[in-house]
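The following exercises are to be worked with the sequence and the 3D structure at hand. Each task is followed by a solution in steps.

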Amino acid sequence: MAGGKIQKKRHGAAGGAGGGGSGRLQGGIPFEKSKGQHILRNPALVDSIVAKAGLKPTDTVLEIGPGTGNLTKRLLEAGVKAVVAVELDPRMVLELNRRFQGHPLSSRLKVATVFRFLVPVIYIAVLDCRVDSPVIQGDVLKCDLPYFDICVANIPYQISSPLTFKLLSHRPIFRCAVIMFQREFAMRLVAQPGDSLYCRLSVNVQLLSRVSHLLKVGRNNFRPPPKVDSSVVRIEPRKPLPPVSFKEWDGLVRICFNRKNKTLGSLFKQKRVLELLEKNYKTMQSLQLTQDAEMGEEKMSADDVALLANMVEDLSMETGDEKEDDEMEMDDADMAGEGAASFKEKIMGILQQGDFAEKRGSKLSQVDFLYLLSLFNKAGIHFS
């Protein structure tokens, strides 16, 4: 491997990761780092990922970004029912076709449409984009994923956040996903309250799933090597989903992590926050929604979860640093009339009721956020 290209191999020669890096490749394919093309080249690591996936003979496996097919080959050899692969690069699709043509396990791969026209390949490529498009972020979000039991993938890191939430919004719910992420992103997924990397991304993903760290992967296990280390993470969607509206949940969490190291008492005194909550409160009052009726509707739905796909720009790689903005705490003298002052007292009373006024979002657990949201909702305060 030199200059990011797969070198020409003798017919049938083994190489690369997972037994046969480029197979019967004729000439070299230049890898495009802008598309996140870093091929896993350590066979032992590929075997470990497949082993930790806990595959069953009845499983349909979704693989996103199969590249030259090293992981794909191991998945097929694991004896699963089928492998459905999603590949953006038409050059890789052709190489995969050449590699597995006549392979005894090729019948377990799927035929489908690539880039809006049919080609005789044995892989599904469901990305809706132009062939010459240099940008892949969001492309996979525009398609309907097929049925799958498990997702096992070494993905382009720039689509980590949208893809994670795309998978979590998929129905029917799959059993688990074992995915290679950039290490910092992976550690945010598994971060716990009080950790420096604990953020809105951590809270939202852990509401919807159980996340565990499986493997740390050094950059030299890839070809070409990326600039950062990686980690393999296991994501298991929660069944059933928590009985909470995600719009409400994310509205609360967004406020709490606006400046995650400030107290909630300070955050909820901000003029913009109070105005938003008071507007929602008055709207709900005018609609005459009773507490019982509202609580009966506040359940997590697939549409609720799908909203995450549209929220990824500020979730993907938060730095954890407090955002500097012009928001000021609203003093009683700033309140426009007795009604506004009374509403501020109502908000502060709710925080004090749950002993949250002096707590910080960076220290709150899932249970804490759920309890705080329930206190607000019971008082008629809503975040969406």
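**Exercise 1. A residue in the sheet**

Task: Determine which residues isoleucine 179 touches, leaving out those up to four places away in sequence.

Solution. Step 1: Isoleucine 179 touches Cys151, Ala153, Ile155, Leu167, Ser231, Val232 and Val233, where contact means heavy atoms within 4.5 Å. The model is a predicted one, in which local features need pLDDT of at least 70 and side-chain atom pairs count only at pLDDT 80 or more, while totals for chains, interfaces and linings use all residues. Residues are numbered from 1 along each chain as its sequence is written, and side-chain values use heavy atoms, with hydrogens and water left out.

Step 2: Isoleucine 179 belongs to strand β7; helices (H or I, at least four residues) and strands (E, at least two) are DSSP runs, numbered from the N terminus. Its relative accessibility is 1%, and therefore isoleucine 179 counts as buried. Here buried means under 20% relative accessible area, exposed over 50%, and partly exposed in between, with a 1.4 Å probe and protein chains only.

Step 3: Strand β7 is mostly covered, with six of its seven residues buried. Strand β6 (residues 150-154) pairs with β7 in the parallel sense over five bridges; two strands pair if DSSP finds at least two bridges between them. Alanine 153 stands opposite isoleucine 179. Along the chain, isoleucine 179 and valine 152 are 27 residues apart, yet their C-alpha atoms are separated by 5.7 Å.

**Exercise 2. The sheet as a whole**

Task: State in what order the six strands of the open sheet are arranged, and which strands form its edges.

Solution. Step 1: The order is β3-β2-β6-β7-β10-β8, and the pairing is mixed. Strands of a sheet pair through backbone hydrogen bonds, either parallel or antiparallel.

Step 2: β3 (82-86) and β8 (209-217) are the edge strands, each pairing on one side only. From one strand to the next the twist averages 20°.

Step 3: At one edge, strand β2 (residues 60-64) and β3 pair in the parallel sense over five bridges. Valine 84 in β3 is the bridge partner of leucine 62. Five of the five residues of β3 are buried: Ala82, Val84 and Val86 point one way, and Val83 and Ala85 the other way.

Step 4: At the other edge, β8 pairs with strand β10 (residues 230-237) in the antiparallel sense over eight bridges. Serine 209 stands opposite proline 237 in β10.

**Exercise 3. A pair of helices**

Task: Describe how helix α4 (residues 160-168) and helix α6 (residues 200-208) pack, giving angle and distance.

Solution. Step 1: The helices pack at an angle of about 20°, and their axes are 11 Å apart. Axes are lines fitted to C-alpha atoms, for helices over the stretch in contact, and angles run from 0 to 180 degrees between N-to-C directions.

Step 2: α4 and α6 are therefore roughly parallel to each other, given that angles under 35 degrees count as roughly parallel, over 145 as roughly antiparallel, 65 to 115 as roughly perpendicular and the rest as oblique. Their crossing is left-handed, that is, the near helix is turned anticlockwise from the far one by less than a right angle, clockwise being right-handed.

Step 3: Ser161, Thr164, Phe165 and Leu168 in α4 meet Leu201, Asn204, Val205 and Leu208 in α6. By class, this contact of α4 with α6 has five nonpolar, three polar and no charged residues.

Step 4: α4 is mostly covered, as nine of its nine residues are buried. Among them is Lys166.

**Exercise 4. Two loop residues**

Task: Establish whether histidine 170 is buried or exposed, and how arginine 219 is classed by relative accessible area.

Solution. Step 1: Histidine 170 is found in the loop between α4 and β7 (176-182). Its relative accessible area is 9%, so histidine 170 is buried. Beyond four places in sequence, histidine 170 touches Leu145, Pro146, Tyr147 and Phe148.

Step 2: Arginine 219 lies in the loop between β8 and β9 (222-223). With a relative accessible area of 34%, arginine 219 is partly exposed. Leaving aside neighbours within four places in sequence, arginine 219 is in contact with Pro225, Pro226, Lys227, Val228 and Asp229.

How values were computed: Ala, Val, Leu, Ile, Met, Phe, Trp, Tyr, Cys and Pro count as nonpolar, Asp, Glu, Lys and Arg as charged, and the others, Gly among them, as polar.
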